[in-house]
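Some structural labels are best understood by setting each value against the criterion behind the word. The questions below do this for the model shown here.

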Amino acid sequence: MIIADLPLADADLHGYDGLDVPHHRIAASDPLEPGQLLVVRTLDGVCRCAEVVGLRFTPTDTVYELRLGVPMSGEVVRTLTQRRPAPRRWVSDADLVGMLVDCGRMQRRTEHVS
């Protein structure tokens, strides 16, 4: 889950079920898509979970429609946005090559037998 900076005061967000935000007002690492969940952080440092419920295109902007959740603690934000290590592979590349070579040898043996 990514974190995006939203340059609005927390008071401006209070009480909104949905919020329209032009893309140039969101500092996010990647473009957002409908259905995506993210953490938005306002200028006053308050973080909330948000869902992108839609987007609209205007002549000058892409406008993201966000549904905001309740404010979150710093610990929750760190847990949601921390980079997780890549899944550990059980088989190394060398093992995989070895298995493919062995399969080729077995296939040749069975061809010679029949």
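A: Contact here means heavy atoms within 4.5 Å. In this predicted model, among contacts in the chain between residues at least 6 apart in sequence, 53% join residues at least 24 apart.

Q: Why is Thr62 called buried?
A: Buried requires a relative accessible area under 20%, and Thr62 is called buried because its relative accessible area is 18%. In the chain of 114 residues, 24% count as buried.

Q: Where does Thr62 lie, and in which strand?
A: Thr62 belongs to strand β5, which spans residues 62-72. If neighbours within four places in sequence are left aside, Thr62 is in contact with Val21, Pro22, His23, Leu55, Arg56 and Phe57.

Q: How do you know that β2 and β5 pair?
A: Two strands pair if DSSP finds at least two bridges between them; four bridges join β2 to β5, so the criterion is met, and the two strands run antiparallel. Pro22 stands opposite Val63 in β5.

Q: What makes β1 and β2 the edge strands of the sheet?
A: The open sheet consists of five strands in the order β1-β3-β4-β5-β2, with mixed pairing. Strands β1 (2-6) and β2 (19-22) each pair on one side only, and they are the edge strands. Neighbouring strands of this sheet are turned by 45° against each other on average, direction ignored.

Q: Which strands does helix α2 lie across?
A: Helix α2, residues 74-81, lies across β1, β3 (37-42), β4 (47-57) and β5, and runs at about 130° to β5.

Terms used: Residues numbered from 1 in each chain as written. Predicted model: local features only at pLDDT ≥ 70, side-chain atom pairs only at ≥ 80, totals over all residues. Heavy atoms only, no water. Buried < 20%, exposed > 50% of the residue type's maximum accessible area, 1.4 Å probe, protein only. Axes fitted to C-alpha atoms, helices over the stretch in contact; angles between N-to-C directions.
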